[in-house]
Amino acid sequence: MAAEKNLKWWQKTIVYQIYPKSFSDTTGDGVGDLNGITAHLDYLKKLGVGAIWLTPIYPSPGVDNGYDISDYVEIDPAYGTMADFENLIAEADKRKIKIVMDLVYNHSSDKHAWFLESKSGRKNPKADWYIWRDAKNDGSPPTNWRSIFGGSAWEWCEERGQFYLHTFAKEQPDLNWENPAVRQALYDAANFWLDKGVGGFRIDAITYIKKPAIFSDGAPDGKDGLTNIHFMTANTKGILDFLHEFKEKVFAGRDIFTVGEANGVAADELNQWVGKNGVFDMLFEFSHVNLSLKDGEIWCRPTEWKLTELKKVLSDSQAATKNNGWYPIFFENHDHPRCVNHFFAKDAEPDKAAKAMAAILLTLRGTPFIYEGQELGCTNVAWDSIEQYDDISSHGQYDFALEEGFSAAEAMEFVHFFSRDNARTPMQWNGKKNAGFSTGKTWLPVNDNYKIINVEAEEKNSKSVLAWYRKLAKFRSEREELTAGDYELLLPDDENIFAFSRGVDDKKIITVVNFSTKKISLPEDFCGRKILLDTESKNREEKFLQPLEVRILE
Ligand code: NOJ
């Protein structure tokens, strides 16, 4: 047990991500709220959850569903009150569950008081709290950078006669981290939440906070003549100085965890970001979820990838965090399609695919992050027209696809596969009206499959995806090999089987997953071992794996 003891609480638990707007509505306004989360804490406890990451619940105009914050130290009335939040913390605490907040510090909302003051003229106390630049001589924006949601990353401001920079939507102006007063205001806000008892932070879009000293045009990468801002500003030299200060003034010495969202940090730079000499405990990096994207960024016909590539990128991340830092394991979040549709062949049976992914999620080395509904095997939606989509990036990517010459039908195909709304439809609690999420008109339609995929039905079925998640979570909590054990990839060249071992001393657990939709033979070495958990006990054949079968072996 020696290895186990050295692990911190958050390395031995499971984190559950909640998209509050879609989780549970107690007021009937069609939008989820904090009391809805509190009401379901026992459900999460049963899943083995020790921390809940809430996507932003601060006041926000909602252009990017809360990632455009207009007050960093308040609760959005749509979600409840500060008292509701304190109650959530207290009730979660009783169940040994920590609440983890999302810090969105690269940008605020354009309705934040700081921005309203900053834009009011060139001379005011907050004049340089955001990134302002003059137009080029011809009046055009200072550079040809394209924002992540599409269109120029610069927006003209009449009052100042200048442009401001926005990495995301124009309603999300970038904060100027070069200004020490800005940094201090952000640290103060984070400490405010720590004083309320939160158990950690997920830190949004953090690789964009440092901008290059000189702003210059990039080579156009689209017919719009613009260049993706990501390649111009992500992970700019000097960023770690800011982050070390952030750590020192906020996180250092606290019994919390931090996980940075860090698109643009390569595996060989990881040890400067996480672990002993780094700034965060964990980093979300996207190499596995980006395999299907064109240039790792653009929504297009999903790029084909092989299982060996998925295994390689995941194994690289395992290797990079073997001796330093820790890995946050995830296959879904509020920005990605449902894993059943994302990672498996079109003919994969959804519940089998969901179970196959669950086995990998809950037996890899790191802290597993379950996204709401993933534990039920939720799937994507496919609405007819772009107008039915709420997600701002679905609109930007759709327009970009049209500009690039794709037909409307093709652009819709890309939206169906990649839209962030796929993961944002209301939580499916039961087979009744609105899936039991709300009594009112829901802010986003419920997925049509809610009569079959829902908590109530799955709790009654011992073979459901939910039952499998609960079984795996319990198993993980009981086996030191699965928390502390080393990871070793087995059969690296096999295009059907994802197999790996987790070992401590001479104890080893082996996960074997048939990732394909064919029945395949099982290599000799895996036959005859003790089966600890599996998905096909009825149809099991000693020397074969059924489509998507999972076996966890000793
Ligand atoms: C990453 C968040 O996960 C996403 O939902 C958001 O749109 C962007 N950052 C901008 O804050």
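This section describes the overall build of the protein chain, one helix pair and two buried residues. The model is predicted, and the description below should be read with that in mind.

At the level of secondary structure, the protein chain contains 17 helices alongside 20 strands. Its radius of gyration is 23 Å, close to the 24 Å expected from the globule rule for 554 residues, so the chain is as compact as a globular protein of that length. Laid out along its principal axes, the C-alpha trace extends over about 75 × 50 × 50 Å. Burial and contacts add to this picture. Of the 554 residues, 62% count as buried. When contacts between residues at least 6 apart in sequence are considered, 69% of them link residues at least 24 apart. The accessible surface of the chain amounts to about 21,500 Å², and carbon and sulfur atoms account for 49% of that area.

Turning to a single helix pair, H13 covers residues 392–403 and H14 covers residues 408–418. The axes of these two helices approach to within 9 Å and cross at roughly 145 degrees. The crossing of H13 past H14 is right-handed. On the H13 side, the contact is formed by Ser394, Tyr398, Ala401 and Leu402, while H14 supplies Ala408, Ala411, Met412, Phe414 and Val415. Sorted by class, these residues comprise eight nonpolar and one polar, with no charged residue taking part.

Two individual residues round off the description. Threonine 308 sits in helix H10, which runs over residues 307–320. Its relative accessibility is 18%, and because buried means under 20%, threonine 308 falls in the buried class. With neighbours within four places in sequence set aside, the contacts of threonine 308 are Pro492, Asp493, Asp494 and Glu495.

Asparagine 235, by comparison, belongs to a loop, namely the one between helix H7 (230–233) and helix H8 (239–251). What is the relative accessibility of asparagine 235, and does it count as buried or exposed? The value is 18%, so asparagine 235 counts as buried. Apart from residues up to four places away in sequence, asparagine 235 touches Thr207, Gly264, Val265, Glu269 and Trp273.

How values were computed. Residues are numbered from 1 along each chain as its sequence is written. This is a predicted model: local features need pLDDT of at least 70, side-chain atom pairs count only at pLDDT 80 or more; totals for chains, interfaces and linings use all residues. Side-chain values use heavy atoms; hydrogens and water are left out. Axes are lines fitted to C-alpha atoms, for helices over the stretch in contact, and angles run from 0 to 180 degrees between N-to-C directions. Helices (H or I, at least four residues) and strands (E, at least two) are DSSP runs, numbered from the N terminus. A crossing is left-handed if the near helix is turned anticlockwise from the far one by less than a right angle, and right-handed if clockwise. Contact means heavy atoms within 4.5 Å. Ala, Val, Leu, Ile, Met, Phe, Trp, Tyr, Cys and Pro count as nonpolar, Asp, Glu, Lys and Arg as charged, and the others, Gly among them, as polar. The radius of gyration is taken over C-alpha atoms; the globule rule is 2.2 Å times the number of residues to the power 0.38. Buried means under 20% relative accessible area, exposed over 50%, partly exposed in between (1.4 Å probe, protein chains only). Accessible areas come from the Shrake-Rupley method with a 1.4 Å probe; for residues, only the protein chains shown count as cover.
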